Amino acid sequence: MTSTTATPPVARRKQNKPRTKSKLGWNLVGLVVFATVGFPVYWMLNTAFKPAKDAIDPSPHFFPRTFTLDNFRRALEISDFWGPVGRSMIVSLVVVSIGIVVGMLAALAISRFAFRGRKVVIVGILAVQMIPLVAMIIPVFLLLNDLGQYDKLTGLIITYLTFILPFTVWTLRGFIVNIPKELEEAAQVDGCTPTGAFLRVVFPLLAPGMVATSVYGFIQAWNEYLYALMLMSQQNQTATVWLGNFTTKNGTEFAPMMAGSTMMAIPIVVLFLIVQRKMAAGLTAGAVKG
């Protein structure tokens, strides 16, 4: 007959104290990080809804004393708003669509097939991401000018693909490598073709990674400023360059600029909220299917 000794309540409380303190410490760290990251966003909203004179007050208030929508009206009146936003939307969606298709095929080839120069390709993709974008402005400008793509959306799309596509390939490769190859082989044993095994087995498990990568590519293309400024004229400017209209010879209109920035951030926020649910659902479905 065996006897078991229960842990006294006092001992259990002593054991839980270190865990509670550790959890409380990590929660405080998380709050500090959240406050640090979120404060600029709050201050943008704060400035967007306060009167223009309060935006340049030497003694700013943490909470706005009065709310107004005049800054949004001013932002819409200062220059064409919907044109740059529409161009940015077109460029971002096309870049993401091409990048995710080409990147998926390239990542699949690198992950599943052995060929000469495979390691060189992998290292080359990683090395391209290390090159500063500023260093490529002049070569890109000269190349697009020779091809007749300067001041055209197609030229801007090609330019964005040069730095978004390598990241897409590298990220999707990591997702594909983590999917066991035996799942494809089992599907082929059951009668699937290689293409059918990929569509029925690999693709559902890869979908969350494709969504996350697409969101990153969209945000990067939407927020890009340097190439859009150098390669596009004022008539074809994108949304980020449009914000420069608030800086005039009389100074910078900070409140309308923050209002314009708020309007520009709305598509990104809406996209993230929609995709966040699909990412969670895709991860759960992939775990069950695996």
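The lining of the largest pocket in this predicted model consists of 12 nonpolar and three polar residues, with no charged residue among them. This pocket has a volume of about 390 Å³. Of the 15 residues that line the pocket, Val41, Met44, Ala265, Ile268 and Val269 lie nearest its centre. Three helices, α1 (9-48), α9 (194-223) and α12 (254-289), each contribute at least two residues to this lining. The greatest contribution comes from α12, which supplies nine residues.

The second largest pocket holds about 210 Å³ of space. Its lining comprises four nonpolar, two polar and four charged residues. The residues concerned are Leu108, Arg112, Phe113, Lys181, Glu184, Glu185, Gln188, Pro194, Thr195 and Phe198. Helices α4 (82-112), α8 (181-189) and α9 each provide at least two of the lining residues, and α8 gives the most, with four. Helix α9 thus appears in the lining of the largest pocket and also in that of the second largest pocket.

Two of the residues that line the second largest pocket, Arg112 and Glu184, also form a salt bridge, in which the closest N and O atoms are 2.5 Å apart. Arginine 112 belongs to helix α4 and glutamate 184 to helix α8, so the pair ties together parts of the chain that are 72 residues apart in sequence. Both partners of this salt bridge are buried.

In total, four salt bridges were counted in the model. Side chains of opposite charge can pair when their charged atoms come close. Another of these pairs joins arginine 65 to aspartate 54, with 3.8 Å between the closest N and O atoms. Arginine 65 is situated in the loop between α2 (52-55) and α3 (70-78), whereas aspartate 54 lies in helix α2, and the two are 11 residues apart. The partners differ in their accessibility: arginine 65 is exposed, because its relative accessible area is 57%, while aspartate 54, with a relative accessible area of 14%, is buried.

A further salt bridge is formed by aspartate 70 and arginine 73, whose closest N and O atoms are 2.0 Å apart. These two residues are three positions apart in helix α3, so about one helical turn separates them. Aspartate 70 has a relative accessibility of 41% and therefore counts as partly exposed. Arginine 73 is likewise partly exposed, with a relative accessible area of 47%.

Enclosed space was also examined. Rolling a probe the size of a water molecule over the atoms shows where empty space is left. Three cavities of 30 Å³ or more were counted, and the largest cavity contains about 40 Å³ of space. This cavity is lined by Lys50, Asp54, Asp57, Ser59, Pro60, His61, Phe63, Pro64 and Arg65. By class, these residues divide into three nonpolar, two polar and four charged. Asp54 and Arg65, both in the lining of the largest cavity, are the partners of the salt bridge with a closest N to O distance of 3.8 Å.

On the surface, Trp26, Val29, Val33 and Val37 form a nonpolar patch, and together these residues have about 430 Å² of accessible area. Tryptophan 26 is located in helix α1, a helix that also supplies at least two residues to the lining of the largest pocket. The relative accessibility of tryptophan 26 is 63%, so this residue counts as exposed.

Key: Residues are numbered from 1 along each chain as its sequence is written. This is a predicted model: local features need pLDDT of at least 70, side-chain atom pairs count only at pLDDT 80 or more; totals for chains, interfaces and linings use all residues. Side-chain values use heavy atoms; hydrogens and water are left out. On a 1 Å grid over the protein atoms alone, a cavity is a set of points where a 1.4 Å probe fits but cannot get out, and a pocket is an open set with protein on both sides within 12 Å along at least five of seven lines; lining residues have an atom within 4 Å of a point. Grid points are joined across faces, edges and corners, and a volume is the space filled by probe spheres set on the points. Ala, Val, Leu, Ile, Met, Phe, Trp, Tyr, Cys and Pro count as nonpolar, Asp, Glu, Lys and Arg as charged, and the others, Gly among them, as polar. Patches are made of residues with over 30% relative accessible area and no salt bridge: like charges are joined within 9 Å, nonpolar side chains (Val, Leu, Ile, Met, Phe, Trp, Tyr) within 5 Å. Accessible areas come from the Shrake-Rupley method with a 1.4 Å probe; for residues, only the protein chains shown count as cover. A salt bridge is a side-chain nitrogen of Lys or Arg within 4 Å of a carboxyl oxygen of Asp or Glu. Buried means under 20% relative accessible area, exposed over 50%, partly exposed in between (1.4 Å probe, protein chains only).
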